[in-house]
Amino acid sequence: MKTAAEVGIAGYGAYIPRPRIATRAIARAWGRDEGGRLPVREKSVPSPDEDTVTMAIEAARGAVARAGCDPGRIRAVWVGTESKPYAVKPGGTIVAEAIGATPWVSAADLEFACKAGSEAMQAALAFVGSGMAPYALAIGMDAAQSKPGDHLEFTAAAGGAAFLFGPPEEALARVEASTSYVTDTPDFFRKQHMHYPEHGHRFTGEPSYFTHSRGASRGLLEALGRRATDYRWAVFHQPNPKFMRRIAAEMGFTEAQIAPGAVVDHIGNTYSGASLLGLAGILDVAAEGDRIFFCSYGSGAGSDAFSLVVTRRLAEVRDRAPLVGDYIKRRQPIEDYGEYLRIARKVRLL
Amino acid sequence: MELPRYHRMRGTLYRLEGSACRKCAHRIFPPRPVCPRCKAQELEPMAFSGRGTLYSFTRVLQPPRGFTNLGTYSVGMVRLDEGPMVSAQIADADGTELQIGMPVEMVTRKLKDAEEHGFILYGYKFRPRLRAAGA
Ligand SMILES: [Zn+2]
């Protein structure tokens, strides 16, 4: 898919909260083998005074700072998440208000499991590309939910990133094309009154993550007549280090191409934030002329793929906001599962 | 805090909006209708940058109701770069050594446990500055 008019990413911002819990502390609490193989060493957890909205606000501020635009000209603030603080009441309005984009702005929260953030990117890209808006902000952010004791608890993390789409002359990266690949695949779900999502176990791999990531990636590469070697960098959805590396290798991308965006290795799976945070990590190191391949995945299921080219402006604005690496380095260890329960608010009064 | 007051104060809580005096250029936070220095009423809204330095701080070891989820937490007084002094919670202070004069920056966080209100009270706090401006 291509927009009628050219569109670029004018700004981007990331966020990862400070608290980290070692996955061996989770294993210990559930009587699992601490010495066994755990998917990641530690994962990020929101501080008790943080939620998806506060984290989205900081990422959004980073994006606006890098763009250097008047926030009053941002015509959309769309937050993709599966951890809305309110079941009814948009979080996007709070973010829009905090960055000074209100009142002439469209705002909403989008839900598509881990694909909600890239869905917001598709919508923002189209909003700008159609000429309806000079700027539109897309955010993917999660304080990821997992059932205590479930294997997802070892990776379900917190964080995400924001991308401000705008005119091509202000782009730090130009959007070449995008695609979406979606089918109805019930691999992961949570009903209204359930606290934690359920997943389809073995069903989550081949028919879900791999089929859709492959579908969107191949679709976009074929439409552009490109191969993995035409790209300097690539980022995929990263529920764990293994899935991301398997699909990257299958599509022909090397470890060097995905390394700067492999945020999951350091902080775990940030669900709607994961692929966007990976893209932010790549923009932190990319240089003018670099081509970036992006592919998200969300259960339910589907993938969005984007092809981007970095401009000279990226190096000029990069230091106006913290880098993903700054947030990774900034950490406050939680050693004990009890403190994690308090911080993550998993203790409920019956 | 009651809901109507929270809504009225959103510019102050979310964007650190105060006032600037058109007559004597005095900068005021939170906003006021009359300039405390020259008594002029010609004030205009002004959004502060959110950057400042830590003037003083202390640690709350016995959190009052509505703050228990925070565990122990820090509060402080911040001298904004534009002049005014603000009292606020100091975020992300666990495991960091706070120091008088250290650079801080505004962040938006949940101010109290949501259970107290039914609605979530978001507003400004300050944290040790993550990155020097423009660095
Ligand atoms: Zn005055």
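Strands β4 and β5 (residues 106–110) of chain A run parallel and are joined by five bridges. One of the residue pairs to look for here is A:Gly80, whose bridge partner in β5(A) is A:Leu110. Keep in mind as you explore that this is a predicted model.

β4(A) also pairs with β6(A), again in parallel and again through five bridges. Here A:Trp78 is the residue to find, since A:Trp78 stands opposite A:Ala138 of β6(A). Strands of a sheet are held in pairs by backbone hydrogen bonds, and the pairing may be parallel or antiparallel. How many of the seven residues of β4(A) are buried? Six of the seven residues in this strand, which covers residues 74–80 of chain A, are buried, so β4(A) is largely enclosed by the rest of the structure.

Now step back to chain A as a whole. Chain A contains 12 helices and 14 strands. Buried residues make up 56% of its 350 residues. A compact globule of 350 residues would have a radius of gyration near 20 Å, and chain A, with 19 Å, agrees with that. Measured out along the principal axes in the model, the C-alpha atoms of chain A fill a box of roughly 55 × 45 × 35 Å. Among contacts in chain A with a separation of 6 or more, 78% are between residues 24 or more positions apart.

The domain assignment divides chain A into two parts. Domain 1 takes in 8–172 + 334–342, while domain 2 takes in 173–312. From the C-alpha centre of domain 1 of chain A to that of domain 2 of chain A is 16 Å. Where they meet, 42 residues of domain 1 of chain A are in contact with 39 residues of domain 2 of chain A. On the domain 1 side, the elements giving two or more residues are β1 (8–15), β3 (42–44), α4 (116–129), β6 (135–143) and β7 (158–166) of chain A. Which element gives the most to this side? It is α4(A), with seven residues. Sorted by class, the domain 1 side that touches domain 2 of chain A has 23 nonpolar, 13 polar and six charged residues.

A helix of chain A makes a good next stop. In α6 (residues 241–250) of chain A, the residues A:Phe243, A:Met244, A:Ile247 and A:Ala248 are buried. Looking down the axis of α6(A), you will find its buried residues within an arc of 125°, so they line one face of the helix. What do these buried residues pack against? Their neighbours are α5 (205–224), β11 (233–236), α7 (255–258) and α8 (264–267) of chain A. Just after α6(A) comes A:Gly252, which takes a positive phi of about 95°.

Let us move on to chain B. Chain B has two helices and eight strands, and along the sequence they follow the pattern α-α-β-β-β-β-β-β-β-β. For 135 residues, a compact globule would have a radius of gyration near 14 Å; the value for chain B is 16 Å, which agrees. Along the principal axes, the C-alpha atoms of chain B fill a box of roughly 45 × 40 × 25 Å. Buried residues account for 31% of the 135 residues in chain B. Of the contacts in chain B with a separation of 6 or more, 49% are between residues 24 or more positions apart.

Chain B has an open sheet of three strands, in the order β2-β1-β3, with antiparallel pairing. At its edges stand β2 (27–28) and β3 (43–47) of chain B, each with a single partner strand, so one side of each is left without a neighbour in the sheet. Strand β1 (residues 17–21) of chain B pairs with β2(B) over two bridges, in the antiparallel sense. To locate this pairing, look for B:Ala20, which stands opposite B:Arg27 in β2(B).

Finally, see where the two chains meet. Here 20 residues of chain B are in contact with 21 residues of chain A. On the chain B side, α2 (10–15) and β7 (103–110) of chain B each supply at least two residues. The largest share comes from β7(B), with four residues. By class, the side of chain B that touches chain A has eight nonpolar, five polar and seven charged residues.

Definitions and conventions
Residues are numbered from 1 along each chain as its sequence is written. Chains are lettered from A and ligands numbered from 1 in the order in which they are written. This is a predicted model: local features need pLDDT of at least 70, side-chain atom pairs count only at pLDDT 80 or more; totals for chains, interfaces and linings use all residues. Domain bounds come from an automatic or database domain assignment. Two residues are in contact if their C-beta atoms, placed from the backbone, lie within 7 Å. Ala, Val, Leu, Ile, Met, Phe, Trp, Tyr, Cys and Pro count as nonpolar, Asp, Glu, Lys and Arg as charged, and the others, Gly among them, as polar. The radius of gyration is taken over C-alpha atoms; the globule rule is 2.2 Å times the number of residues to the power 0.38. A residue is buried if 20 or more other C-beta atoms lie within 10 Å of its own, exposed if 12 or fewer, and partly exposed in between; C-beta atoms are placed from the backbone. The arc is that of the directions from the helix axis to the C-beta atoms. Two strands pair if DSSP finds at least two bridges between them.
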